[in-house]
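The following exercises concern a single protein chain. Each task is followed by a solution in steps.

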Amino acid sequence: MGLISRKLFPACESMCVCCPALRSSSRQPVKRYKKLLSEIFPKSLDGPPNERKIVKLCEYAAKNPVRIPKIAKYLEERCYKELRFEHTKFINIVTEAYNKLLCICKKQMAYFAVSLLNVVTELLDNSKQDAMRILGCQTLTRFIYSQEDGTYTHNIEKLVRKVCALAREKGEEHQNPSLRASSLQCLSAMVWFMAQYSHIFADFDEIVHGTLDNYEPDTHNEGDAERGEPHHNWVDEVVRCEGRGGAIASCDTNPSCMILRPRPVRKDPSHLTREEIETPKVWAQICIQRMAELAKESTTMRRVLDPMFVYFDSGRHWVPQQGSAIMVLSDMLYFMENSGNQQLILASLIRHLDHKNVAHDPQLKSYVIQVATALARQIRSAVVLAEIGFVCDLCRHLRKSLQATVESVGEQESNSNILLQNSIEGCLLEIAKGIVDARPLFDLMAITLEKLPSGVVARATIGSIMILAHVISVASVSSRSQQVFPEALLVQLLKVMLHPDVEARVGAHHIFSALLIPSSNHPRHEVSSLRSGFLYQPRRWHSNTASASITALLEKLRREKDGTKADKCGNSVHDDFKEKDIAEEDWKQGRIRKNSPNFYKLSSIIDRTAGGTSLSEAEPRIMKFSEDQVAQLLSAFWMQANLPDNLPSNIEAIAHSFVLTLISSGLKNPNDNLVVRFFQLPLSLGNISLDPHNGGLSPACQRSIFVLSIGMLMFAAKIYHIPDLNDLLKSLVPCDFDPYLGISDDLQVYVKPQADIRDYGSATDNQLATSLLLELRNKIYESDTVIMDILVQNLSGITEVAADDLTKQLSESFTPDDAFMFGPQSILEFDQSQAVSHSKESLSFDGDFPMHSLVEDDVTSEASVADISRFIPKMLPSPSVPHVISIGQLLESALEVAGQVAGTSVTTSPLPYNTMASQCEALGTGTRKKLSNWLAHESLQSRLADKSSPTSPENGHLALKRIISSDYRAQGDVLPQDPWLAMRLPPASPFDNFLKAAGC
């Protein structure tokens, strides 16, 4: 315009002096921001940056925000130009200008944020110079900390992978710690941003992996830990001694997972020294600190921990001696102490056992559980474990491992399962030590036993519950002083004691004894008893190594309780191998040691109790029973003893449980009726064992029942101070009466160690038992009067029952308790059909049972339990016992009652609840008693008539037909075509109406 004004319009130059368009460009002032931008760069490459001009530029931008886009565009273009020429100093000036803009023009960030992010992206992509990438990480870090909302969340999220790639670079050409430190500093800012604005990036897994790649232990703390006294857990000693071959090769050194890791010092990014700022592991720890702050609830906790666990799975990070898992998770526990979410880490870790990376690798599972054990120890040292849901998961994995041990075909697979079982029990022990209230654990056990299937799965489940019971006992979960045995668990244990599986029944007794009197446990024999049946049926259980390993494991539990620890690692390993070899040899020979029955330390309790010391003082941790529970136990012992498929181990278990029940009842004065029933039970068992017409039991089984009855009677006499009875019984019964069972000096029934159990019940053994019983029968019958006189004389002084009443009660056959037989949780519900249905259901531990494990030829065992009449006492004809009514009379009385109910006037106002309940109870009590007596009479008549077992449905059908036909002939009525129609229930009664009203 100046040229035009001078050439074309010369007058305009002198006239329009105020027109800027007509003025010369040289006379127009330069825009100030351009001048300030040019002044921030030095004249030469070696010149220093002008900090004052940079601040002046930013202050100008703050006052003139409309100029900020042009300023940012200029800086961005200048950065691209200097990157091409690799002018590092000028690039530093550009990034410094952006940093000043972030500080001074924070409210106007929208004008330059995109430009800044473009510059950062360009810097991060520069692979030629590490300095440029460091500069990009630092600039991005300042940008993240300058955010006041989540506007640029997605812009930042796009740069996550670039920064993580810098943090994970490896190799000799990438040994620059400053680059990794800067990238980790940027990652820590990203974690802070996610926690601040409640948004987790999609590539958060990459942040976790990049952090863990650079996480290293604090060498100072580790040195202190190594110089300190080691606190190794016995589980690792078992792990070392149980490992063979290559399965557990990494466990040959002292593990550090059981040493409580020292508390790490929290790092504050604003108070780091220059050396710490350039150290990657410092920023990695800060990232872990902020991840712990991010995990405030279960959802975010899982989002943080899942990528960690996957990272640990990818390498050998779970191995306690070599991996970083124990170190990282331990530090996270310390960082989360204030939030109270420590137990979520433990629960998530145990839940990770079901992950596809771990589920099918027993060795990796064992390493994960060892880490969980260390975390449990660390948690319980500070707080009480309130959440115990993961105990169910551990027991489920233990059950799976026991089952896999059965089905394993190779030694390496078997060793891996042994290592897993050792690790699980160690973890359970540490968790149990941090639990105050054991009632949830008892409920867990009851729920699991309620759905117990059959076959190998049943035995594996019982084994896992048995180990849990021992763990509760050893860990002393609660003071349990004067605590009553949990009712729900007792009901389920009694049902399992009648389970079709012989080994499952023995396992139920072991669980019972472990919980009742913790000091009565001796692990070696208990596991041997549990697995004894598998030796005779190799197709069901063909791994003696599994039995031996769990034997050694439970022995470790006993050592943990007693406080005995090995002084040297070598001695511990030698002892462990010796224990396992002894257990394996016991299994190969099919024997059990006499000096290791189920009564570990039990004899001392008995001696102190018999000597006059209160049982509460002798063993304060023993659990107690109510009177109803004692009656149910005695009824269960009666029914178990009459099962025809019992082995010597079952007889021993019944005797042991009877002894424990007798001891527990001594904690409080039982009523006179219970005292009499304690003696009535063995007397009735003795009568059954000597009955020559008892076709339902083999002679070998009758011989075992006789030993059981003598042992029970002698032990009860010792507890109630009747020495004359014991002297008489010892003179009557020779020591070698039973080649498989014996009675020790402590009056405890045990399986003889030299006996070959595989010959038990054979034709030769039955023939020998028949001859022995024949010889002994006359001697016992001659002494019956003397035994009765001794009992009546002594019990009349102990109880308030008259001598005549004592004689009558002791002479009667033992009758199971009505509440036990016909109560709301009747034991008769556990019949064959229910056992089959349970085998198809899922346990509370797990729901994926292989069907081939459930298909077992347990027909004989299931039939022995399914036959109800076998559980009813075998009543001998006696003048003191009134004649039972026939089925016709029973139905007639029922119809009469129903007619009375139908004829009564119906009132419009409903009866009160208490009145209706009392009427229903009165109506049902008499009917149940009549039905019980009729079933007993039917069982006796069918045996005397057919000389065969009543387990056959045809025999029961014929017996019922004879009774009904005779009854109808006496009344002159026509015999119904189907005899079972006579057992139809009468019309509706108030009890039925009550059940409908109650919603049953």
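**Exercise 1. Backbone outliers in loops**

Task: Classify glutamate 86 as buried, partly exposed or exposed, and state in which loop glutamate 86 is found.

Solution. Glutamate 86 has a relative accessible area of 41% and is therefore partly exposed; buried means under 20% relative accessible area, exposed over 50%, and partly exposed in between (1.4 Å probe, protein chains only). The model is predicted: local features need pLDDT of at least 70, side-chain atom pairs count only at pLDDT 80 or more, and totals for chains, interfaces and linings use all residues. Residues are numbered from 1 along each chain as its sequence is written, and side-chain values use heavy atoms, with hydrogens and water left out.

Glutamate 86 is located in the loop between helix H5 (68-85) and helix H6 (88-104). Helices (H or I, at least four residues) and strands (E, at least two) are DSSP runs numbered from the N terminus. The phi of glutamate 86 is near 60°, a positive value in a residue other than glycine. Most residues other than glycine have a negative phi.

Histidine 721 also has a positive phi, about 60°, although it is not a glycine. Histidine 721 belongs to the loop between helix H35 (699-719) and helix H36 (723-732), and its relative accessible area of 48% makes it partly exposed.

**Exercise 2. Salt bridges and their setting**

Task: Which residue forms a salt bridge with arginine 377, and why does the pair tie together separate parts of the sequence?

Solution. A salt bridge is a side-chain nitrogen of Lys or Arg within 4 Å of a carboxyl oxygen of Asp or Glu. Arginine 377 pairs with glutamate 430, and their closest N and O atoms are 3.0 Å apart. Because arginine 377 lies in helix H20 (residues 362-380) and glutamate 430 in helix H22 (residues 411-433), the pair ties together parts that are 53 residues apart in sequence. Arginine 377 counts as buried at 12% relative accessibility, and glutamate 430 counts as buried at 0%.

Next, consider aspartate 738, which forms a salt bridge with arginine 703 at a closest N to O separation of 3.5 Å. Aspartate 738 lies in the loop between H36 and strand E1 (741-743) and arginine 703 in helix H35, so this pair joins parts 35 residues apart in sequence. Aspartate 738 is buried at 1% relative accessibility, and arginine 703 is buried at 0%.

Lysine 162 and aspartate 125 form a further salt bridge, with closest N and O atoms 3.0 Å apart. Here lysine 162 is partly exposed at 30% relative accessible area, and aspartate 125 is partly exposed at 44%. In the structure as a whole, a search finds 26 salt bridges.

**Exercise 3. A buried threonine**

Task: Is threonine 141 buried or exposed, and which residues is it in contact with, leaving aside neighbours within four places in sequence?

Solution. Threonine 141 is found in helix H8 (residues 130-145). Its relative accessibility is 3%, so threonine 141 counts as buried. Leaving aside neighbours within four places in sequence, threonine 141 is in contact (heavy atoms within 4.5 Å) with Gln185, Cys186 and Ala189. The C-alpha atoms of threonine 141 and leucine 184 are separated by 9.9 Å, although these residues are 43 residues apart along the chain.
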